[in-house]
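Me: Could you take me through one part of this model up close? I'd like to hear about the aromatic rings and whatever is packed around them.

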Amino acid sequence: MKNLKLLAIPVIAILLLSSCTSVRVLSDYDKEANFNTYKTYAYYKSGIDKAQISDLDKKRILRAIDAEMTAKGFSKSSTPDILVSIFTKEREQVDIYNNNFWGGGGFGWGWNPWFWGGGIGGNTVSTRTEGSLYVDVIDTQSKQLVWQGKGVGTITNTKNIEKKEERIRKFVSEIMQAYPPKPTAIVAAK
């Protein structure tokens, strides 16, 4: 049953299509890593194989990462400096909205002469799936994680493949903006 759910509802946040919902992006890195020495990359296949998304979406994500890495001057190699991996997580988000316009109770003409009683509405409950896409960068020499980017957003299914691919490219682009990390400037005391 769980596998059926995974096939029916993709488990990735990059399918977000609503313009009013944003993607939250975070990154973290190892301060000791020398990011200037990294010039080549390859994918960490066993890590990517574990990501619980469709193979088509994996291909879309990897193509988007390729475009970002190429734009930053990196090239693919069979003897890479870094390995790139992805994984996803999802969670159900419950939103409760209080729709009582006039609150309280009562009867009569009060400040609102058009209604008898205390208001309109009630509570509305909606659920949505929020997903996270992680992009990991691993140093091949030390075999240690040196950078991780994370994007979080709401999952929405769509039949429009072009919109899905555009959303994936945008999602990956936002995550990869923080790679490689910029060295922090040391301000000398005057």
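Reply: Let's start with Tyr38, which is buried at a relative accessible area of 5%; buried means under 20%, exposed over 50% and partly exposed in between, using a 1.4 Å probe and protein chains only. Bear in mind that this is a predicted model, where local features need pLDDT of at least 70, side-chain atom pairs count only at pLDDT 80 or more, and totals for chains, interfaces and linings use all residues. Numbering runs from 1 along each chain as its sequence is written, and side-chain values use heavy atoms, leaving out hydrogens and water.

Now the rings. Those of Phe, Tyr and Trp (its six-membered ring) pair if their centres lie within 6.5 Å, with planes under 30 degrees apart counted as stacked, over 60 as edge-to-face and the rest as tilted. That rule gives 7 aromatic pairs. Phe35 and Tyr38 are edge-to-face because their planes sit at 85°, with the centres 5.7 Å apart. Phe35 also pairs edge-to-face with Tyr179, at 5.9 Å centre to centre and 80° between the planes. That second pair bridges distant parts of the chain, 144 residues apart: Phe35 is in the loop between strands E1 (24-29) and E2 (40-43), while Tyr179 is in the segment after helix H4 (161-176). (Helices, H or I with at least four residues, and strands, E with at least two, are DSSP runs numbered from the N terminus.) Phe35 is buried at 11%, and Tyr179 is buried at 0%. Ring pairs join both of them with Tyr29, Tyr38, Phe74 and Trp147 in a cluster.

Tyr179 turns up again in the largest nonpolar core, a set of 29 residues in which Ile65, Ile86 and Tyr179 touch the most other members. E2, H3 (55-71), E4 (82-98), E5 (123-139), E6 (144-154) and H4 each give two or more residues to this core. By nonpolar core I mean buried Ala, Val, Leu, Ile, Met, Phe, Trp, Tyr and Cys residues joined through side-chain atoms within 4.5 Å. Beyond four places in sequence, Ile86 touches Ile65 and Tyr134, among others; contact here means heavy atoms within 4.5 Å.

For a polar neighbour, try Asp66 in helix H3. Asp66 is buried at 19%. Outside four places in sequence, Asp66 is in contact with Tyr41, Tyr43 and Lys76.
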